[in-house]
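Hi everyone, thanks for coming. I'd like to walk you through a structure that may be new to you, so let's put it up on the screen.

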Amino acid sequence: MFDLTKAIMFNIDKLVGRLKDEEELLLVLKKKFTKKELKVFIAMEKETPISDIAKEIHTEEDRVKEIYKAAKKKLNQEK
């Protein structure tokens with residue numbers, strides 16, 4: 001089973017405060033990320049092969065890596 005809280009904790013460099021429960025976290029991520037970023041972030045954290053993710057969102061593997069990197073930056077509030 002996929003644990004969103006652990007995935008976020010692993011990717012946040014500096015956590016300030018406490019995280020919300022799973023349902024609220026998902027709602028916040030839906031607002032913060034684009035649809036593709038959310039799909040890629042969740043799929044990468046579930047350890048889905050990049051080639052499968054690329055097929056699902058109809059893009060290239062390099063673009064999937066870029067989208068994941070952008071999602072991690074947004075998660076850490078970097079510019």
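Reading from the N terminus, the elements of this chain run α-α-α-α-α. That comes to five helices and zero strands. Please keep in mind that what you see is a predicted model.

Let's begin with the overall form. The C-alpha atoms fill a box of roughly 35 × 30 × 20 Å along the principal axes. How does the radius of gyration fit what a compact globule would have? For 79 residues, a compact globule would be near 12 Å, and the chain has 12 Å, so the two agree. Of those 79 residues, 30% count as buried. There is also plenty of contact across the sequence: taking contacts with a separation of 6 or more, 51% are between residues 24 or more positions apart.

Now to the inside. The largest nonpolar core has 19 residues. Which of them have the most contacts inside the core? They are Ile 8, Leu 29, Phe 33, Val 40, Phe 41 and Leu 75. As for where the core residues come from, the elements giving two or more are helix H1 (4–11), H2, helix H3 (35–45), helix H4 (50–56) and helix H5 (61–75).

Ile 8 is a nice place to stand and look around. If we set aside the neighbours within four places in sequence, Ile 8 is in contact with Leu 19, Leu 25, Leu 29, Phe 41 and Leu 75. Leu 29, Phe 41 and Leu 75 should sound familiar, as they are also among the core residues with the most contacts.

Next, have a look at H3. Its buried residues are Glu 37, Leu 38, Val 40, Phe 41, Ile 42, Ala 43 and Glu 45. So you'll find two glutamates in that list, Glu 37 and Glu 45, alongside residues such as Leu 38 and Ile 42. A reminder that helps when you turn the model: an α-helix has 3.6 residues a turn, so residues three or four places apart point the same way. And what do the buried residues of H3 pack against? They pack against H1, H2, H4 and H5.

Let's move on to the pocket. The largest one has a volume of about 390 Å³. Its lining is made up of 15 residues, and Ile 12, Leu 15, Leu 19, Leu 75 and Gln 77 lie nearest the centre. By class, the lining has nine nonpolar, two polar and four charged residues. Which element gives the most to this lining? Helix H2, residues 22–32, does, with four residues. Notice Leu 19 and Leu 75 near the pocket centre; both are also contacts of Ile 8.

Now for the loops, where two residues share a backbone feature. Glu 47 sits in the loop between H3 and H4. Its phi is near 60°, which is a positive value in a residue other than glycine. Is Glu 47 buried or exposed? At 71% relative accessibility, Glu 47 counts as exposed. The other residue is His 58, found in the loop between H4 and H5. His 58 has a positive phi of about 55° although it is not a glycine. His 58 counts as exposed too, with 71% relative accessibility.

In between those loops, helix H4 holds Lys 55. Lys 55 is exposed, with a relative accessible area of 64%. From Lys 55 to Lys 69 you count 14 residues in sequence, and their C-alpha atoms are 18 Å apart in space.

Finally, the segment after H5, where we find Asn 76. Why does Asn 76 count as buried? Because its relative accessibility is 18%, and buried means under 20%. Leaving aside neighbours within four places in sequence, Asn 76 is in contact with Asn 11, Ile 12, Asp 13 and Lys 14. Take Lys 14 as one of these partners: Asn 76 and Lys 14 are 62 residues apart along the chain, yet their C-alpha atoms are separated by 7.6 Å.

That's my tour, so please spin the model around and ask away!

Terms used:
Residues are numbered from 1 along each chain as its sequence is written. This is a predicted model: local features need pLDDT of at least 70, side-chain atom pairs count only at pLDDT 80 or more; totals for chains, interfaces and linings use all residues. Side-chain values use heavy atoms; hydrogens and water are left out. On a 1 Å grid over the protein atoms alone, a cavity is a set of points where a 1.4 Å probe fits but cannot get out, and a pocket is an open set with protein on both sides within 12 Å along at least five of seven lines; lining residues have an atom within 4 Å of a point. Grid points are joined across faces, edges and corners, and a volume is the space filled by probe spheres set on the points. Ala, Val, Leu, Ile, Met, Phe, Trp, Tyr, Cys and Pro count as nonpolar, Asp, Glu, Lys and Arg as charged, and the others, Gly among them, as polar. A nonpolar core is a set of buried Ala, Val, Leu, Ile, Met, Phe, Trp, Tyr and Cys residues joined through side-chain atoms within 4.5 Å. Buried means under 20% relative accessible area, exposed over 50%, partly exposed in between (1.4 Å probe, protein chains only). Contact means heavy atoms within 4.5 Å. The radius of gyration is taken over C-alpha atoms; the globule rule is 2.2 Å times the number of residues to the power 0.38.
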